[in-house]
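Q: Please take a close look at one part of this structure, beginning with a salt bridge and going on to the sheets. A connected account with the cut-offs stated would be the most useful.

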Amino acid sequence: MSFYAESRTPNSEFQSGLTAAEVAERRARGAINRVPRSDRAEYLAIVVRNLCTLFNALVAPAAAALFVLGEYGDAVAVSGMALTNLILGLIQEVRAKRHLDRLTLLAETRVRVLRDGQVHEILSGDVVRDDVLLLSAGDTVVADGPVLEAHFLEVDEALLTGESDPVPRQPGELLLSGSFCVAGEGAYRAERIGLESFTARTAAEARSYRYSASPIQHSINRLLIVLTAAAIVLCLGYGVLLGLGNIARADLWKMIAATITSMVPQGLVVMATFAFVLGAVRLSRRGALVQILGAVESMASIDTLCMDKTGTLTTNRLHLEQLLMLDKAMPEEAVRERLRLFASASLDRSSKSIAALRAALSETPTEWLDQLPFKSQNRYSAVRVRHEGREHVLVLGAYEALQPFLAVLRVGSISDSNAKPALTLPVRMLDLRMLLFAEAVDPPQRSFTGSLEGFVLRPLAMVALGDELRPEARRVLEELASQGIRFKILSGDHSETVRATIAPLIAGTDAPAVKALAETPVVSGDELQAASDPAELIRTRCVFGRVSPGQKVQIIATLKTQGHHVAMIGDGVNDVLPIKQAHLGIAMGDGAAASKTVAGIVLKTNNFDLLPETLDEGRTILRNLHRAGKVFLVKNVFTLILIVGALGVFGLPFPYLPRQVTLLNFLTIGVPTFLIMLNRQRSSPITAAHFLREVGCFALRTGLVIGLAGLLLLWLANGVWHDDEKTQRTLLLSLLVLLGLTTLLRALSDGERWGWSLAGAAGWWTAAALPLYLAVMYWQPVGGFFALTPLTLGQWAAVLPIACGSCLILGFADAHSHRPSRLVR
């Protein structure tokens with residue numbers, strides 16, 4: 001029986017832990033393990049970050065100058081646009097902060113502490129200084145402090161040092177927060193907590209709101225820098241024109257305001273934040289907790305899913321199916337009694353295999369003398385027990401791991417030999433987890449030294465443990481395959497067991513990615529280690545058995561170097577490093593605390609069914625962000641062409657007023673892009689690396705055509721029809737509204753040949769925006785504010801052919817483009 005069983009008080013130097021009064025006293029003076037945070041400081045940082053932008057720095061002086069010069073309409077329009085962007089940005093970042101703060105409580109690690117002689121499970125943030133914390137396999141160390149008691153305790157400090165070999169810890173040695181227990185059990189005192197702990201800064205960043213730009217946000221920021229620089233160059237050019245006496249001072253500030261508001265897509269930054277927060281909120285409502293907002297973007301690009309078999313494809317509810325006797329000289333009842341002794345004495349309380357044996361055989365009071373707890377590096381565990389005056393060394397583990405220690409089994413006798421027995425399992429048992437149960441022959445009278453070196457084992461029986469596939473596993477894999485995802489199964493079980501377990505998933509499926517699991521040979525960990533070209537083996541094979549945690553990391557790292565975007569889903573301690581290594585780490589809700597700590601997403605309800613929805617949600621969000629980016633950036637391209645062409649080439653008036661830019665933004669960008677983000681149309685895999693290429697190509701060809709069409713209309717209105725400036729700008733704005741709405745339709749269609757889509761509310765906005773624009777134009781109180789002239793039928797007849805011709809050219813260009821928006825791996 002484990003000395004940490006919750007039904008008894010540990011008999012050790014630390015006795016019963018802190019009392020309730022001592023806990024209350026430490027809480028009162030703030031000696032708790034929760035990193036102090038200042039919501040006021042975080043909210044202030046959000047305000048400063050959104051207020052002190054280059055966009056606002058350029059717009060604010062222009063708006064102030066327009067107010068001073070009495071151009072109140074343009075001043076209100078410009079300042080109103082900047083204020084709207086500011087408010088929306090603040091709202092989205094505050095929502096992001098509050099959402100992640102709520103997730104902090106849901107996803108915070110839970111720990112076991114001794115208080116008043118009882119074991120309590122509490123949140124890691126509620127630990128107080130000098131608390132006695134208990135550790136067993138899978139538990140995370142949440143504070144720094146000395147080991148008080150250790151029973152074969154080993155911890156993994158790979159997340160701190162990069163070294164993946166487990167480190168044995170003895171009483172008095174220091175444990176560091178951020179490491180986790182991989183074998184044995186123990187207790188330690190929380191001496192350095194909160195900001196004093198080794199990983200305080202990392203933990204504070206991981207468990208509280210922070211602004212961290214994702215790859216696609218970095219791409220947007222680079223675009224902002226380029227476009228802002230272009231806008232500044234244009235504004236400097238206006239200054240030169242002012243110095244030459246070609247424009248008036250009032251016109252200068254109108255031109256500056258119109259240029260900044262039309263050239264700098266500040267709203268795209270707000271839209272990106274809105275997209276990621278929206279995705280995180282949607283997923284959390286379904287039971288998938290997004291611990292890092294950047295994980296939403298990672299979900300969109302995944303093309304390869306690595307998964308452990310046990311607890312992921314299977315339910316991990318093991319049960320004893322059968323004992324396959326190997327020693328004919330020993331009665332089965334005697335073997336069962338030894339197996340009962342082993343299960344009762346084992347310290348591996350979190351092991352599902354040990355739990356299955358206890359449930360099937362019951363427990364018996366056992367005096368154990370020594371232990372060798374299970375760890376992934378050995379793949380076996382051992383106990384030395386005394387029963388009815390005799391000592392037994394009993395071992396349970398993977399057959400391949402124990403084979404070097406086996407004696408040859410003969411009928412009725414045991415003899416040591418260099419020849420090792422081979423194992424052939426009945427076909428009907430291939431889908432079971434097979435573990436070898438053995439007893440040491442004349443064991444040396446010394447403690448285990450981390451392995452069974454020097455021991456000779458007598459094989460007693462093969463222990464067949466049954467597990468069951470999740471009922472939804474096949475359907476989930478088929479849905480993921482339909483999204484273009486390939487699979488890699490990384491299991492610690494025997495290769496043939498893995499193959500037999502997944503066989504029902506393959507039967508009758510038409511999904512190539514699922515069928516590939518059966519069509520390629522299973523690779524064992526030994527084969528991978530001995531391979532002359534492991535990268536090629538990893539690329540071409542789909543199922544890997546008897547692989548170690550280090551080999552799982554190797555497989556994921558190799559897939560990443562081969563250009564794949566990899567997700568890893570697991571639930572055990574041996575999955576911690578692979579989850580950390582992947583682009584997207586996903587942990588099961590009932591998995592080890594350490595695996596949930598490093599994951600970007602936790603399936604809190606342990607519902608494997610959520611996986612396709614989760615990845616599809618990420619794709620939908622990123623695809624919508626790409627669509628919104630197209631709509632935003634087209635205006636920047638045609639604005640540059642219109643300004644340079646009108647002022648620098650043809651000597652035409654400035655294309656539009658600041659207030660007209662505001663109306664154009666509202667009708668063709670602001671409302672439509674907000675509605676785009678609400679669209680739920682399914683999407684194919686896409687990555688942030690495609691953002692600049694896809695969005696840029698679309699914006700360049702569309703903006704070029706619209707800009708040239710606008711210049712043609714301005715030239716006709718000025719040089720042929722001799723319209724006044726107000727009418728010229730009204731004609732141009734009407735054309736830009738028409739082409740802006742068709743641009744929205746094209747962005748929604750994702751480049752399908754002539755396939756302008758009306759999917760979702762954003763599509764329907766195009767049907768409402770044109771009547772709204774006409775109402776603004778012909779209702780003079782409003783039209784007058786925006787400096788619009790009601791157009792006659794003849795003037796519309798001049799605008800429509802240019803608009804239709806532009807649409808035909810753009811349709812032809814779309815049809816013959818490479819359509820990068822449809823990239824699928």
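A: **A salt bridge and the sheets**

The side chains of Glu400 and Arg546 form a salt bridge, with their closest N and O atoms 2.8 Å apart; the term denotes a side-chain nitrogen of Lys or Arg within 4 Å of a carboxyl oxygen of Asp or Glu. Distant parts of the chain are linked by this pair: Glu400 belongs to helix 14 (residues 399–402), whereas Arg546 is in the loop between strand 20 and helix 20, 146 residues apart. Here helices (H or I, at least four residues) and strands (E, at least two) are DSSP runs, numbered from the N terminus.

The model is a predicted one, in which local features need pLDDT of at least 70 and side-chain atom pairs count only at pLDDT 80 or more, while totals for chains, interfaces and linings use all residues. Residues are numbered from 1 along each chain as its sequence is written, and side-chain values use heavy atoms, with hydrogens and water left out.

The partners of the bridge fall into separate classes of accessibility. Glu400 counts as partly exposed at 24% relative accessibility, and Arg546 counts as buried at 9%. Buried means under 20% relative accessible area, exposed over 50%, and partly exposed in between, computed with a 1.4 Å probe and protein chains only.

Arg546 leads on to the mixed sheet, since the loop that holds this residue lies between strand 20 and helix 20. This open sheet has 8 strands in the order 8-23-22-21-9-18-20-19, with mixed pairing; two strands pair if DSSP finds at least two bridges between them. Strand 8 (288–290) and strand 19 (523–524) are the edge strands, each pairing on one side only. In general, the strands of a sheet pair through backbone hydrogen bonds, either parallel or antiparallel.

Within the order, strand 21 stands between strand 22 and strand 9. Strand 9 and strand 21 run parallel and are joined by 4 bridges; Leu305 stands opposite Ala567 in strand 21. Towards the other neighbour, strand 21 (residues 566–570) pairs with strand 22 (residues 584–588) in the parallel sense, again over 4 bridges. Gly570 stands opposite Ala587 in strand 22, and the bridge partner of Met568 in that strand is Gly585.

Helices pack on this sheet as well. Helix 10 (residues 294–301) touches strand 8, strand 22 and strand 23 (601–603), and its direction makes about 100 degrees with that of strand 22. Helix 20 (residues 549–561) touches strand 9 (304–307), strand 18 (486–490), strand 20 (543–545) and strand 21; its direction makes about 160 degrees with that of strand 21. Contact means heavy atoms within 4.5 Å. The axes are lines fitted to C-alpha atoms, for helices over the stretch in contact, and the angles run from 0 to 180 degrees between N-to-C directions.

Strand 21 is mostly covered, with 5 of its 5 residues buried. Cover is present on both faces: Val566, Met568 and Gly570 lie on one side, Ala567 and Ile569 on the other, and all are buried.

A second open sheet is antiparallel and has 6 strands in the order 10-17-16-13-12-11. Its edges are strand 10 (319–325) and strand 11 (367–372), each of which pairs on one side only. On average, neighbouring strands of this sheet are turned by 25 degrees against each other, direction ignored.

Strand 12 (residues 380–387) and strand 13 (residues 390–397) pair in the antiparallel sense over 8 bridges. Across this pairing, Arg386 stands opposite Glu391 in strand 13. Helix 13 (residues 352–361) packs on this sheet, where it touches strand 10, strand 13, strand 16 (433–440) and strand 17 (457–466), with its direction at about 85 degrees to that of strand 10.

Glu391 also takes part in a salt bridge, its partner being Arg384, with the closest N and O atoms 3.6 Å apart. Arg384 counts as buried at 5% relative accessibility, whereas Glu391 counts as partly exposed at 32%. Both of the salt bridges described here belong to the results of a search of the whole structure, which finds 29.
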